[in-house]
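Here is a short tour of a protein model, going from its domains to a helix pair and then to the ligand. Please keep the structure open as you read along.

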Amino acid sequence: MDYKEGQGWHDPRIVPYGPISHDPAAMVFHYGQAVFEGMKAFRTENDDVVLFRPDQNAKRLNRSSERLSIPQIDEEFVVRAIQELVRVDAAWVPKKNGSSLYIRPFVIATEAILGVRPSMQYSFIIIMSPVDAYYDEGLQPINILVESYYARSVQGGTGNAKVAGNYAASLKAQMLAKEHNCAQVLWLDAIEKKYLEEVGSMNVFFKINGEVVTPSLSGSILEGITRGSIIHLLKEWGIPVSERKISIDDIVKAHADGTLEEAFGTGTAAVVSPIGSLLWNGTPMVVNHGEIGELVERLYTTITGIQSGKLPDTFGWLLKV
Ligand code: PMP
């Protein structure tokens with residue numbers, strides 16, 4: 001679907017997958033006016049095809065667009081467009097347990113002009129691809145590098161929006177993490193280099209002395225849909241959970257006094273990723289003896305259980321396509 005100033009969003013259509021062409025001066029190539037979403041369609045045990053909380057993705061897409069001066073799209077339309085496209089390609093939603101159809105809606109600025117100002121033309125596109133289960137052989141703890149130099153986002157920046165440039169800016173640190181045998185980077189705040197933000201493309205949670213904590217939405221953290229679902233589940237289960245400022249010193253202290261019980265990342269791709277160790281100032285802090293914690297296991301089983309239809313959809317999180 002396309003947008004033109006004065007005309008609004010128009011011409012929604014489903015076309016076969018293939019290259020698209022744009023003017024080399026299209027603003028997205030130069031000024032990075034691009035936002036996107038990531039979500040999945042699942043095939044349940046009853047052979048229904050379902051989306052997990054798509055309304056939340058539509059809302060976040062608009063929040064990201066708002067930050068980059070991209071026009072809003074009717075959220076119900078976004079959900080219906082996703083439903084319709086998945087319906088057309090329902091045969092691509094894998095039957096294999098844990099596999100899914102990954103869905104990537106995105107908006108790019110297409111006006112060909114070299115001046116810096118919001119584009120007056122855009123395209124909203126949805127592409128999809130079947131993906132295997134993130135954990136084919138069960139959950140695997142990951143090592144994380146606590147990043148002390150590079151910053152992912154700053155207050156007033158774009159960290160709480162899902163914009164393409166955030167990911168470009170994170171690649172250097174991601175490569176550094178790989179060199180240290182770490183799967184992801186744990187970002188600290190840009191100013192004090194002290195407060196935890198998030199992990200790569202996941203939000204982060206810690207269980208300290210029976211309480212689950214996660215960094216509050218400071219304005220530079222992406223509000224993950226999995227994060228919200230996990231907070232909801234923990235509250236339902238009566239497990240204390242709080243969103244607050246967490247410093248790296250809090251984690252070092254909890255690790256030293258033996259109260260750091262579990263650590264995990266959360267996101268659409270993996271649902272939950274147990275953190276086996278955190279590399280901070282060259283020293284690894286091993287969490288839960290590098291093993292998978294009970295809480296991570298329970299959260300993983302519950303969310304994947306709801307997505308696969310093995311467990312009842314008590315909270316109305318699933319939408320049939
Ligand atoms: N933070 C970042 C930077 C991400 O890219 C993602 C993945 N969208 C998340 C957190 C987790 O968000 P969600 O649970 O909606 O996938």
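## Two domains

The domain assignment, automatic or from a database, splits the protein chain into domain 1 (2–133) and domain 2 (142–308). This is a predicted model, in which local features need pLDDT of at least 70 and side-chain atom pairs count only at pLDDT 80 or more, while totals for chains, interfaces and linings use all residues. Residues are numbered from 1 along each chain as its sequence is written.

The C-alpha centres of the two domains lie 27 Å apart. Their contact (C-beta atoms, placed from the backbone, within 7 Å) takes 21 residues from domain 1 and 11 residues from domain 2. On the domain 1 side, H2 gives the most, with six residues. Helices (H or I, at least four residues) and strands (E, at least two) are DSSP runs, numbered from the N terminus.

## The H2 and H3 pair

H2 (residues 54–67) also packs against H3 (residues 75–88), with the axes 9 Å apart. The contact is made by Pro54, Asp55, Ala58, Lys59, Leu61 and Asn62 of H2 together with Glu75, Val78, Val79 and Ile82 of H3.

## Around the ligand

Which residues are the closest to the ligand? They are Ser201, Gly224, Thr226, Gly267 and Thr268, out of 13 that surround the ligand (C-beta atom, placed from the backbone, within 6 Å). Helix H5 (225–236) and strand E14 (260–267) each give two or more residues to this shell, and the largest share, three residues, comes from H5.

Methods. Axes are lines fitted to C-alpha atoms, for helices over the stretch in contact, and angles run from 0 to 180 degrees between N-to-C directions. Two residues are in contact if their C-beta atoms, placed from the backbone, lie within 7 Å.
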